[in-house]
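These are my notebook entries on a structure that I looked up piece by piece. I record what I asked and what I found.

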Amino acid sequence: MSVRQSKAQKQAAHLRATIPGIEGDPNHHLTGSFLPQTPLGASTPERAASPAVSTAFNALRDQRSVFVRWAIDPAISFKLLLIPVVLYLNWELLSYFGVETGYPNPFSKIFLLSGYVPTSTPEDPRYQKTWWDLAFVGYYVVFFSFVRETLSLKISRPAAKYFGLRREAKIDRFSEQAYALFYFMFFGAWGYRVMSQLPTYWYNTQEFWNTYPNWDMKPELKRYYLMQFAYWWQQLIVLVLGLEKPRKDYGELVAHHFVTLWLVGWSYLVNLTYIGNAVYMSMDIPDTFLAFSKLLNYIQWNTAKVYAFGVFFVIWSYFRHYLNLWILWSVWFEQPVGIPEFAKKWDWSEGVYMPGWMKMQIFLPLLILQFLNLFWYYLMTKILIRGLISKEVDDSRSDDEDDGNDNDNEKED
């Protein structure tokens, strides 16, 4: 280790030690990624593998039942994904060779949309909710597990090593953020495309209510909504079953995932997919820039990281606070007068679910989500201030979140 690296490493360790509470927690999903870090080239063989933690965790993960391991083993998840596809193709082959089954192909509904509305036109096809949507969501929970682990093995982990990351804990975190960047970038753009096809385009919130109930969905809206639902179920499964190394803000993340699933599932059930699309997009776009900022921090592109975090801070402020507060205002003031009179009741047969008490059912989970976002906003503001006034934050970085002595490693990750 060079004298310069040793000095930078000590400076980073000293600065981390002066950062209190959550702000100095290397395992917090938000603040940990932006702690000051030592140089990538620094040699720290006494802590390089964190064997007491990493080996034990990996051994425990490998002992999981096959009924759970599909979430972290891409070979198993790929085989599961193939089963309905092969059954679907076999059924189609039977039909092709003239074998009359008397039934439409049942396996298509597992991975393709179901619920086509017969009265819709080929020029404007529409889909409604069906019980097969549960199978569709389940299939894409496995799909996202496969994508996540394959991306990690084939792209993210090699990229992390290419940029000089060596410790398993940091490589794992880098892979998580690479997947987050891929997912939120794709779904943020897709959400924008979906919204551009709806009367709610650019947060025209009155149309959340004037056009209610939105039970007959455009196919792209339904596919987008159910795949988002599948993604968050997959995230919750990995978190709750302990299939990845836990963080100290575990409770915050579980709460966030439960509130998100509550919003997604409930809004889909009661035909509020227009407002759901708006909330989705307000979350996904800033998360794209957050993941990008974290990746730049991990690979120590210091100047780029500062600018990226500044851009992210502005985007987060607009989408997660200004637009979400606008949505909350709409729920409180526009929903009571905007909902058509015939829909102000709970009637399964008509697909309307807007009695008076539903206003609070919509408002409260959005408010809880806003409180979580405000808490994270407070932490991000402190990170931004620290980055602007502390030269060490820009000059000194480490390639791991578990920098410290060996005892620290046993407590973290």
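Entry 1. Salt bridges of arginine 157

Is glutamate 168 buried, partly exposed or exposed? I noted first that the model is predicted. I then found that glutamate 168 has a relative accessible area of 31%, so I entered the residue as partly exposed. The cut-offs explain this label, because buried means under 20% and exposed means over 50%.

I next looked up the partner of this residue. Glutamate 168 forms a salt bridge with arginine 157, and the closest N and O atoms are 2.5 Å apart. Arginine 157 belongs to helix α6 (residues 132–162) and glutamate 168 to helix α7 (residues 168–196), so the pair ties together parts that are 11 residues apart in sequence. I added a general remark: side chains of opposite charge can pair when their charged atoms come close.

Arginine 157 also forms a salt bridge with aspartate 172, where the closest N and O atoms are 2.7 Å apart. This pair again links distant parts of the chain, with arginine 157 in helix α6, aspartate 172 in helix α7, and their positions 15 residues apart. I checked the accessibility of both partners. Arginine 157 has 16% relative accessibility and therefore counts as buried, whereas aspartate 172, at 23%, counts as partly exposed.

Entry 2. Other salt bridges

How many salt bridges does the structure hold? I recorded 11 salt bridges. One of the pairs I examined was glutamate 220 with arginine 193, whose closest N and O atoms are 2.6 Å apart. Glutamate 220 lies in helix α9 and arginine 193 in helix α7, so that distant parts of the chain, 27 residues apart, are linked. Glutamate 220 is buried, because its relative accessible area is 15%. Arginine 193 is at 48% and counts as partly exposed.

I also found a network of salt bridges that links Asp124, Arg126 and Lys218.

Entry 3. Helices α9 and α10

At what angle do helix α9 and helix α10 pack? I read an angle of about 150° for helix α9 (residues 219–240) and helix α10 (residues 250–269), with their axes 10 Å apart. Angles over 145 degrees count as roughly antiparallel, and α9 and α10 are therefore roughly antiparallel to each other. The crossing of α9 past α10 is left-handed.

Within helix α10 I looked up tyrosine 268. Tyrosine 268 has 11% relative accessibility and so counts as buried. Its C-alpha atom is separated by 8.3 Å from that of lysine 129, although the two residues are 139 residues apart along the chain.

Entry 4. Helices α12 and α13, and a nonpolar patch

I turned to α12 and α13, whose axes come within 10 Å and cross at roughly 160°. That angle makes α12 roughly antiparallel to α13. I noted a left-handed crossing where α12 passes α13.

Which residues form a nonpolar patch on the surface? I listed Trp326, Trp329, Trp332, Phe333, Met360 and Leu364, which together have about 580 Å² of accessible area. The elements that give two or more residues to this patch are α12 (302–338) and α13 (358–389). Helix α12 gives the most, with four residues.

I examined phenylalanine 333, which lies in helix α12. Its relative accessible area is 49%, so phenylalanine 333 is partly exposed.

Entry 5. Backbone details in the loops

Where is proline 213 placed? I located proline 213 in the loop between α8 (206–210) and α9. A cis peptide bond joins tyrosine 212 and proline 213, with omega about 5°.

I then searched for positive phi values in residues other than glycine. Asparagine 271 has phi near 65° and lies in the loop between α10 and α11 (273–298). Asparagine 271 is buried, because its relative accessible area is 1%.

Glutamine 300 likewise has a positive phi, near 65°. Its place is in the loop between α11 and α12. With a relative accessible area of 17%, glutamine 300 is buried.

Note on methods: Residues are numbered from 1 along each chain as its sequence is written. This is a predicted model: local features need pLDDT of at least 70, side-chain atom pairs count only at pLDDT 80 or more; totals for chains, interfaces and linings use all residues. Side-chain values use heavy atoms; hydrogens and water are left out. Patches are made of residues with over 30% relative accessible area and no salt bridge: like charges are joined within 9 Å, nonpolar side chains (Val, Leu, Ile, Met, Phe, Trp, Tyr) within 5 Å. Accessible areas come from the Shrake-Rupley method with a 1.4 Å probe; for residues, only the protein chains shown count as cover. A salt bridge is a side-chain nitrogen of Lys or Arg within 4 Å of a carboxyl oxygen of Asp or Glu. Buried means under 20% relative accessible area, exposed over 50%, partly exposed in between (1.4 Å probe, protein chains only). Axes are lines fitted to C-alpha atoms, for helices over the stretch in contact, and angles run from 0 to 180 degrees between N-to-C directions. Angles under 35 degrees count as roughly parallel, over 145 as roughly antiparallel, 65 to 115 as roughly perpendicular and the rest as oblique. A crossing is left-handed if the near helix is turned anticlockwise from the far one by less than a right angle, and right-handed if clockwise.
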